[in-house]
Amino acid sequence: MNVSSLAGLVGAALVGLGLYGLIVNPQPLRKILAFNLIGSGAFLVFGIVARRGAAAAFPFDPVPQAMVITGIVVAFAASALAVALILRLQEETGKVTLDPDVPSKPPVTGASNP
Amino acid sequence: MNDVLLVAAGFILLTVAAGLIRVLRGPGDFDRMMAVQLLGTGGIASLLLIASATTVAGVEDVALGLALLAAFASIAFVNSANAGDPKSSEAEDG
Amino acid sequence: MSILQVLDLGLAILVLAVAGWTIAARELFASVVGYVAYGLLLSIVWIRLYAPDVALTEAAIGSGVTGVLLVTSGARLKRAGNVEAAEPSGPSQRFLAAALAVLVAAALATVILLLPEPPPTLAPEAGQQLAATGLANPVTAVLIAYRSFDTMLEKIVLVLAVVGVWSLAPDRVWGGAPAPLGRARPEGPLLFLDQALVPLGILVGIHIFWVGADEPGGAFQGGAILAAMWMIVMISRLTEPPRVGARWLRLALVAGPAVFLAVGLAGPGMGGSFFAYPAGFAKPIILFIEAFMVLSIAATLPMLVAGPPRRSPER
Amino acid sequence: MSLALDLFTLAAIGAGAFFFFAGTVGLLRFPDSLTRLHALTKADNLGLGLVVLGLLPRSGSLLDALRLIAIWALVQLPGAATAQLIGRALSRRRAAE
């Protein structure tokens, strides 16, 4: 087995691990972390496509690599937005889940709108 | 010669990764951080060794960036790690 | 089996083991520590795939800044205290989730093993025009020249993310500053780092942006390093996150995409079509765009980590 | 000449790998956080330093060699500072107990 299919299989396994964590873990920040694992698994798959596309004196195909670079930045932006939403939800309701069975509490801090 | 460098890289990576057992066992946040700091330094060392053996261009700059970012992560961790000291865990203003 | 293959296999097992730990750990902090270690290992994997540009981006943004975002917000959540989360999943739900995960991973693995042979590639096309851009790093050429429209839209996504985060602020603190990143009391060693490490780090960030034209590096990586340096200074409380209403901050945030778009719109006049760079001047124009992108990234990432404004602007 | 340089590279990298090994053993076996910190700082400093020293003869130009040394120096600054911060926090906790 060569390095690119090995890395691709690692990417596939990472997507699986992340998906499991995303579904099972109740803490929202941990869900974001799991989501980032899925992301990096997908990026690795892109990485092997880039490596396999080595041609014309380049040891890699630069197009998928450039897409991974933009992808990493966008994934971070999405994580930051999700974190901000969680903190705001917690501020408003005192809980960090959308599960209706968990009773919501009055705001803990005074920072919310009247 | 290149094979020797790769063996050294693998050995260093394996040892510092064994140190990650501290991340599993803790007990404190600081013990976990130390293991990651060791992994960061060892990772930079093995990166340099692998790059020297397989001739990937420009890896020194990657190592330079890694050194800075590993530092950044440790500083942020010390900042939010739980030292069990009530005075330094800051009261946030809302 | 050669030594390199053993090394690759060991690296793969390590990456998976650390990834498993970030999912399995009980506490958030332990899990995030694992995630940063995972990012470091993944950078080595990227070097093995001959992708040093990606290795640097992954280390900088994928693992470093994301890890800091998560520990910082974890500390904020904890401080607010008494957080109710949903119940942990029961055994049957866990089993179903595991089955689904295995199914998805297996499908993906099959696709990877059945990838077409010979592999499709755009590398020759990218290489052909490389001389016309005056760059030697093909990844930078793809980002700023061939797929420039994508990269510009991606910068706009970053601005939209900042707008989204800021819009979560209550009305009465609009225009104020986000909560500080550090503890109340500055500590000596942190001040030492501000004086010794941060100036060096700024130099390294600019260096990585500058060599990005010809070697691994570029605007994203250099900007992320500058962002990390700014955050170190904020953590040591030598400076505070700026008011979100500050004019200089808003200019810095939009400078990258605005300059990029302006150059693109000037394309029909200079080179013949939208986003065409005039022959002979491509490299200076690309570096000009990238310089503003570095500025925007260095301003955007810390503001995303700092979160929405929390202090009223009068204070 | 090149044989001597190769031997030097081998010796330095071997010594560096030994320090990483020793640091890891210390991190895993020492009884409390402060002694573990002691083990970590030695491995951090000498391990990477010796590996860099061993790679110096293999670097193509003076600039590359300087860059290697800069990497080592750049790791030392935050290494020293975080060790200080961790040590202080640990001793504060010890005093509080």
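How many helices and how many strands does the secondary structure of chain C come to? Before selecting anything, keep in mind that the structure on screen is a predicted model, and then colour chain C by secondary structure: the answer is 12 helices and zero strands.

**Stop one: chain C**

Following chain C from the N terminus on, you will pass through elements that run α-α-α-α-α-α-α-α-α-α-α-α. With the C-alpha trace alone displayed, the span of chain C along its principal axes is about 60 × 60 × 40 Å. If you then colour by relative accessibility, buried residues should account for 60% of the 315 residues in this chain. Switching to a surface representation of chain C brings up an accessible surface of about 12,400 Å², and 68% of that area belongs to carbon and sulfur atoms. A contact map is also worth drawing here, since among the contacts of chain C with a separation of 6 or more, 76% join residues that are 24 or more positions apart.

**Stop two: chain A**

Select chain A next, whose secondary structure consists of three helices and zero strands, in the order α-α-α from the N terminus on. Of the 114 residues in chain A, 60% are buried, and the accessible surface of the chain comes to about 4,100 Å², with carbon and sulfur atoms holding 71% of it. In the contact map of chain A, residues 24 or more positions apart provide 38% of the contacts that have a separation of 6 or more.

Now consider how chain A is placed among the other chains. Four pairs of chains are in contact, and of these it is chains A and C that share the most contacts. Chain A and chain B, by contrast, do not touch, although their nearest C-alpha atoms are 6 Å apart. Chain A and chain D are likewise not joined by any contact, and a distance label between their closest C-alpha atoms would read 21 Å.

**Stop three: two residues of chain A**

Centre the view on Gly18(A), which is found in helix α1 (residues 3-24) of chain A. Is Gly18(A) buried or exposed? Its relative accessibility is 0%, and Gly18(A) therefore counts as buried. Leaving aside residues up to four places away in sequence, Gly18(A) touches Ala34(A), Leu37(A) and Ile38(A), together with Ile23(C) from chain C. For Ala34(A), a distance label is instructive: the C-alpha atoms of Gly18(A) and Ala34(A) are separated by 4.5 Å, while the two residues are 16 residues apart along the chain.

Move from there to Ser79(A), in helix α3 (residues 62-93) of chain A. Ser79(A) counts as buried because its relative accessibility is 5%, which falls under the 20% cut-off. Which residues does Ser79(A) touch, if residues up to four places away in sequence are not counted? They are Ile32(A) and Asn36(A) within chain A, and Leu69(C) in chain C.

**Stop four: where chain B meets chain D**

Hide chain A and select helix α3 (residues 29-54) of chain B along with helix α2 (residues 33-55) of chain D, whose axes come within 10 Å and cross at roughly 10°. That crossing angle makes α3(B) roughly parallel to α2(D). Showing side chains, you can pick out the residues that make the contact, including Met34(B), Leu38(B), Thr41(B) and Leu48(B) from α3(B), and Arg36(D), Leu40(D), Asp44(D) and Val51(D) from α2(D). Coloured by residue class, the contact of α3(B) with α2(D) divides into 13 nonpolar, four polar and three charged residues.

**Stop five: chain D, and its contact with chain C**

Remaining on chain D, select Ile69(D) in helix α3 (residues 62-96). Ile69(D) is partly exposed, its relative accessible area being 38%, and apart from residues up to four places away in sequence it touches Val52(D) and Leu56(D). A C-alpha to C-alpha distance from Ile69(D) to Pro31(D) gives 34 Å, for a sequence separation of 38 residues.

Finally, bring chain C back into view and select its contact with chain D, to which chain D gives nine residues and chain C gives 12 residues. About 950 Å² is buried between these two chains, and carbon and sulfur atoms give 71% of that area. Which three residues should be highlighted on the chain D side? Leu74(D), Leu77(D) and Leu85(D) supply 48% of the area that chain D buries against chain C, more than any other three residues.

Methods
Residues are numbered from 1 along each chain as its sequence is written. Chains are lettered from A and ligands numbered from 1 in the order in which they are written. This is a predicted model: local features need pLDDT of at least 70, side-chain atom pairs count only at pLDDT 80 or more; totals for chains, interfaces and linings use all residues. Side-chain values use heavy atoms; hydrogens and water are left out. Axes are lines fitted to C-alpha atoms, for helices over the stretch in contact, and angles run from 0 to 180 degrees between N-to-C directions. Helices (H or I, at least four residues) and strands (E, at least two) are DSSP runs, numbered from the N terminus. Angles under 35 degrees count as roughly parallel, over 145 as roughly antiparallel, 65 to 115 as roughly perpendicular and the rest as oblique. Contact means heavy atoms within 4.5 Å. Ala, Val, Leu, Ile, Met, Phe, Trp, Tyr, Cys and Pro count as nonpolar, Asp, Glu, Lys and Arg as charged, and the others, Gly among them, as polar. Buried means under 20% relative accessible area, exposed over 50%, partly exposed in between (1.4 Å probe, protein chains only). Accessible areas come from the Shrake-Rupley method with a 1.4 Å probe; for residues, only the protein chains shown count as cover. Buried area is the accessible area (1.4 Å probe) that two parts lose on being put together, summed over both.
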